Amino acid sequence: MTSAKSARRPHHWRRDLIELAALFTAVAVADAIANLIGHQPDGPYLLMASAVALVATAAFHTWWARRHSHAPPSDEADASPVEAGATVGTATTAGGAEGTGEGGVAGAGETGTTLWRMRTTVLDAPGSLAALCTALAGLRVDILTLQTHPLAQGTVDEFLLRAPASLQAQELSRKIAAAGGASTWIERADAHDLVDTPTRVLSLATRTALDAAELPLALRQLLGRCTIHSLPAVSVTGRATGQSAPVEGVLEETVMRLRDPSGGVISVERPYLPFTPTEFARARALVELDARLGPRVPRSEDVLTLPEGNEITVRRADRADLAAARAMHDRCSQDTLGLRYHGPVADADRYLDHLLSPRFGRTLAVQTASGRLVALGHLLWDGDETEVALLVEDDWQRRGIGSELLRRLVALAEEAGCDSVYAVTQSRNTGMVAAMRALELPLDYQIEEGTLVITARLSSEEAARPSAPTERARR
């Protein structure tokens, strides 16, 4: 773009007047010389030679002037390395503030690009962020979003980057380290990460407000890859566990402990970067929202017709169904309860309060037209993993109820972003094995001392990872 200064150049009228006077003088001199030479014997030849010399001199002057022009440089040449190589979002230093920008220069001509999420710690000094941006510009990387998390010493910068597909994470990390970044963490991102942070936080708050079971999932999506454990204040056997946390919570480097509104503690851990005060404040806000709203579960219902014509209703269940669930236990045989709980049948009722709590997962209940509870399906959050479990009353088994519940639980796990689900049962439980096979998903089997662990892979990436069924079986 032409600058305002160059657009309003003054008109040099004095120079034009001098050039006009010189022109008239040159014409007068040329006329005098022509009259003097023209009357000589060789006059015409001298005039022709002078004309040729004049034309050659004018052509040489024009070529020299164009080659050694002193025109000002173009705007593109004046662009800074960051402007020429990367599009940077506006950055602020207020706690956790965010800037966004649309990629438009770097990487625009690449045949393929990759999205990366990157966090790095830099000194809180002028020019530190510019050094990172210059390093990214040299790699032809677009900065799509940028958040800054101020610390007592230094600043954590979180980027969403669009990079050429050929750029490897190791090379990117080396360049960032050379530019002053420390404790750098990089992982692949996807299209969902293009949503700005305020919008994402509002969406997670809405999900938490609608369903108490969403709180652990909302925390995981808010904080990135982390492990979340809900530690109850009272064990299944009724003993105090000693798990507690102050109302304001506790932040210890890579671990935060938040008071669970339903009792106990929500522990959040991650192995790479310490949590920032901004992240801690956001997590506390979600937990406080959950506490203020109290117990809540969506009350949607689906009415299904069994092959023999009976109608059943599938709905979400919570602790309000505790009495009906215990009554179903009383109608179940000892063998059915033993296959489900893998221990003394007398303790089966003790697990229900834990299983029906939305803090530990989601529960689907099946009831008849008369309102009797005849089946329960549980999707349980187990740190980084997810467990599925089924219990169907004896008189209602082998009617497809268990398979229907399992299919719905797996769908809920996929919506929650789980990579896999596993079921712990006994090797003689042919009904559970058949239900898992009916999912038509990749399955892993592990048997230890008669305990069978079946893991269903919900994503292709998870299918390539080794599982730890032995540890699950022991738990």
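This briefing walks through a helix, a buried arginine and the cysteines of the structure above. Please keep in mind that the model is predicted. Two places make good starting points: helix α9, which is mostly covered, and Arg119, which sits in strand β2.

**Helix α9**

- Helix α9 runs over residues 215-223, and seven of its nine residues are buried.
- On the buried list are the leucines Leu215, Leu217, Leu219, Leu222 and Leu223, together with Pro216 and Ala218.
- As general background, an α-helix has 3.6 residues a turn, so residues three or four places apart point the same way.
- Just after α9 comes Gly224, which has a positive phi near 85°.

**Arg119 and its surroundings**

- To find Arg119, look along strand β2, which covers residues 113-122.
- Arg119 counts as buried because its relative accessibility is 2%, and the cut-off for buried is under 20%.
- Its side chain makes a polar contact of 3.0 Å with the side chain of Glu158.
- A polar contact, also at 3.0 Å, links the side chains of Arg119 and Glu279.
- Beyond its neighbours within four places in sequence, Arg119 is in contact with residues including His149, Asp157, Trp185, Arg270 and Pro274.

**Cysteines**

- A disulfide is a covalent bond between the sulfur atoms of two cysteines.
- The structure holds zero disulfides.
- Cys133 is buried, because its relative accessibility is 4%.
- Cys418 has a relative accessible area of 10%, so Cys418 is buried too.

Notes: Residues numbered from 1 in each chain as written. Predicted model: local features only at pLDDT ≥ 70, side-chain atom pairs only at ≥ 80, totals over all residues. Heavy atoms only, no water. Buried < 20%, exposed > 50% of the residue type's maximum accessible area, 1.4 Å probe, protein only. Helix = DSSP H or I, 4+ residues; strand = E, 2+ residues; numbered from the N terminus. Polar contact = N/O pair within 3.5 Å; in protein donor to acceptor, adjacent residues only side chain to side chain. Contact = heavy atoms within 4.5 Å. Disulfide = S-S within 2.5 Å.
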